[in-house]
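Colleague: I'm new to this and would love some help reading a protein model. Could we walk through one together, feature by feature?

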Amino acid sequence: MLERLFSLRAHGTTPRTEVLAGLTTFLTMAYIMFINPSILGDAGMPKGAVFVATCLVAAIGSLVMALHANYPIALAPGMGLNAYFAYVVVLGMGYRWQEALGAVFISGVLFLLITLLRWRSIIVEGIPGSLRIAITVGIGLFLAMIALRNAGIVVSSPATSVTLGDLRRPGALLAILGFIIVAALSARRVRGALLIGILVVTAASFLVAGNRFAGIVSLPPSIAPTLFALDVRGALGKGVLNVVLVFFLVELFDATGTLMGIAHRAGLLDSRQVERGNVRTERFNRALLADSSAIFLGSLLGTSSTTAYLESAAGVEAGGRTGLTAATVAGLFLACLFISPLAGSVPPYATAPALFYVGCLMLRDLASLDWDDVTEIVPAIVTALLMPFTYSISNGISFGFITYAALKLLTGRGGEVKPVAWIIAALFVFKFVHAGAAG
């Protein structure tokens, strides 16, 4: 049955490898079960119901990705989008959380519409080759930044924005140890190296870092307080255009960029097709549809926008190549409805080594850039660097497009820019100008 559903032999993989990859991905993204309710709880949403909604949308979305697209990419509510939902839309702009969910629903419907009409693929094809490479590299840098912060190796500083953390802390020391273990095992081609590193650090955390085993089984809270609680009419009545535009643009470029980067890294997009800008394969279109549907579903269940997860790169690096990886993630999220205390025993600094290692590997795509063409290399570097420095994939892509269009125009090479790229650059200029005027 697994062979029929996922074509394992055709992808050169086995059920054991796929399940291990799924477990690796799950362990690197399990934090969202606890962070998402905390953030949305600040907006007044019931934390217990948000916890259930988070697990359900992650499970259903990942399963749709597995069965419909056969991609090893997991879905869950996106970091950044949940913060925008809670701290900007609700607490900053005065929306009720039900109206904010209505705005997510509207953006999800638009997102699903452009995917069904295949416009999303056309938009993707408008991304220049150098920026497509930069998206992959930027995601790698972004993963590295997340990992270093989770490990406490990089911390905030009022003087320099970021600085080196206290490496004497057990979490930081264990993260460094875990990274060395992961890298050494990977160099020796040991299967499941990332997972082994995570489990070793977690086990050590109980002994030397004061991590406590919180139990195994608990009944899930009720989802009733957030289920179908969205207020679309209320959202429309408040002039929701700007809110929807931000949700829509971030969803479009975060999700599409993540899908492209991880699918390319997994060898699921043909390199020659990617170089020519043609990613309109049937399988990739199915992946786009799966992640578009998850946004729509999440708003109904009671959570902020759902997206393809960067942490899926950890499972890909562990050998995941088919939807069985994503299906494993789906099963684990469903299980966590009942064993959430056990899932919570894995500390962030235990998953940080795997994320940092994957981020390092994703930087090797820099070698594919044309370093002799300033109009290609500068926008690519801007894209890659601004993702971690602004903690946003969308910001990196925004400034990358604007820089690309401006340099091509000012050097007399505007004809090389595809119409879609001009439109995207103009939209991002409008977004930033409008945001500045509103401020």
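**Cysteines first**

Modeller: Let's start with C336: its sulfur is 6.0 Å from the closest cysteine sulfur, in C55, too far for a bond. Keep in mind that this is a predicted model.

Colleague: What would count as close enough for a disulfide?

Modeller: The two sulfur atoms have to be within 2.5 Å. Looked at from the other side, C55 has its closest cysteine sulfur in C336, at 6.0 Å, so there is no bond here. By that rule, the count of disulfides is zero.

Colleague: Are C55 and C336 buried or exposed?

Modeller: C55 is buried, at 0% relative accessibility. C336 counts as buried as well, at 2%.

Colleague: Okay, let's zoom out. How many helices and strands does the chain have?

Modeller: You'll find 21 helices and four strands. The radius of gyration is 21 Å, close to the 22 Å that the globule rule gives for 439 residues, so the chain is as compact as a globular protein of that length. Along the principal axes, the C-alpha atoms fill a box of roughly 60 × 55 × 50 Å.

Colleague: How much of the chain is buried?

Modeller: Buried residues are 56% of the 439. And if you take contacts with a separation of 6 or more, 82% of them come from residues 24 or more positions apart.

Colleague: Now a single helix, please. How do I read α2?

Modeller: The general idea goes like this: an α-helix has 3.6 residues a turn, so residues three or four places apart point the same way. In this model, α2 covers residues 15-29, which is 15 residues. From first C-alpha to last, α2 reaches 21 Å, close to the 21 Å expected at 1.5 Å a residue.

Colleague: Which residues of α2 are buried?

Modeller: The buried ones are T17, E18, A21, G22, T24, T25, F26, L27, T28 and M29.

Colleague: And what about charged side chains?

Modeller: Here's the principle: side chains of opposite charge can pair when their charged atoms come close. This structure holds seven salt bridges. One of them joins R168 and D166, at 3.1 Å from N to O. R168 is exposed, with a relative accessible area of 71%, while D166 is partly exposed at 32%.

Colleague: Which parts of the chain does the pair of R413 and D373 link?

Modeller: First, the pair itself: the side chains of R413 and D373 meet in a salt bridge at 2.9 Å, N to O. The two partners sit in distant parts of the chain, 40 residues apart. R413 is in the loop between α20 (393-410) and α21 (419-438), and D373 is in the loop between α18 (348-362) and α19 (374-389). R413 is partly exposed, at 27% relative accessibility, whereas D373 is buried, at 14%.

Colleague: What other partner does R413 meet in a salt bridge?

Modeller: That's E416, again with an N to O distance of 2.9 Å. Salt bridges that share partners join D373, E376, K408, R413 and E416 into one network. Within that network, E416 counts as partly exposed, at 42% relative accessibility.

Colleague: Can we look at a polar residue too? Where is T226, and is it buried or exposed?

Modeller: T226 is in the loop between α10 and α11 (232-237). T226 is buried, with 0% relative accessibility. Its side chain reaches the backbone oxygen of L301 at 2.9 Å.

Colleague: Which residues does T226 touch?

Modeller: Leaving aside residues up to four places away in sequence, T226 touches M45, P46, A49, V50, W97, L300, L301 and G302.

Colleague: Last topic: backbone angles. What is unusual to flag about phi at S161?

Modeller: The thing to look for is a positive phi in a residue other than glycine, and S161 has one, near 70°. S161 is in strand β3, residues 161-164, and S161 is exposed, at 55% relative accessible area.

Colleague: What is the phi of R189, and where does R189 lie?

Modeller: R189 is not a glycine either, and its phi is positive, about 60°. R189 lies in the loop between α9 (170-187) and α10 (193-208). With a relative accessible area of 76%, R189 is exposed.

Methods: Residues are numbered from 1 along each chain as its sequence is written. This is a predicted model: local features need pLDDT of at least 70, side-chain atom pairs count only at pLDDT 80 or more; totals for chains, interfaces and linings use all residues. Side-chain values use heavy atoms; hydrogens and water are left out. Helices (H or I, at least four residues) and strands (E, at least two) are DSSP runs, numbered from the N terminus. Buried means under 20% relative accessible area, exposed over 50%, partly exposed in between (1.4 Å probe, protein chains only). The expected span of a helix is 1.5 Å times one less than its number of residues. A salt bridge is a side-chain nitrogen of Lys or Arg within 4 Å of a carboxyl oxygen of Asp or Glu. A polar contact is a pair of N or O atoms within 3.5 Å; within protein, one must be able to donate a hydrogen and the other to accept it, and residues adjacent in sequence count only if both atoms are side-chain atoms. Contact means heavy atoms within 4.5 Å. The radius of gyration is taken over C-alpha atoms; the globule rule is 2.2 Å times the number of residues to the power 0.38.
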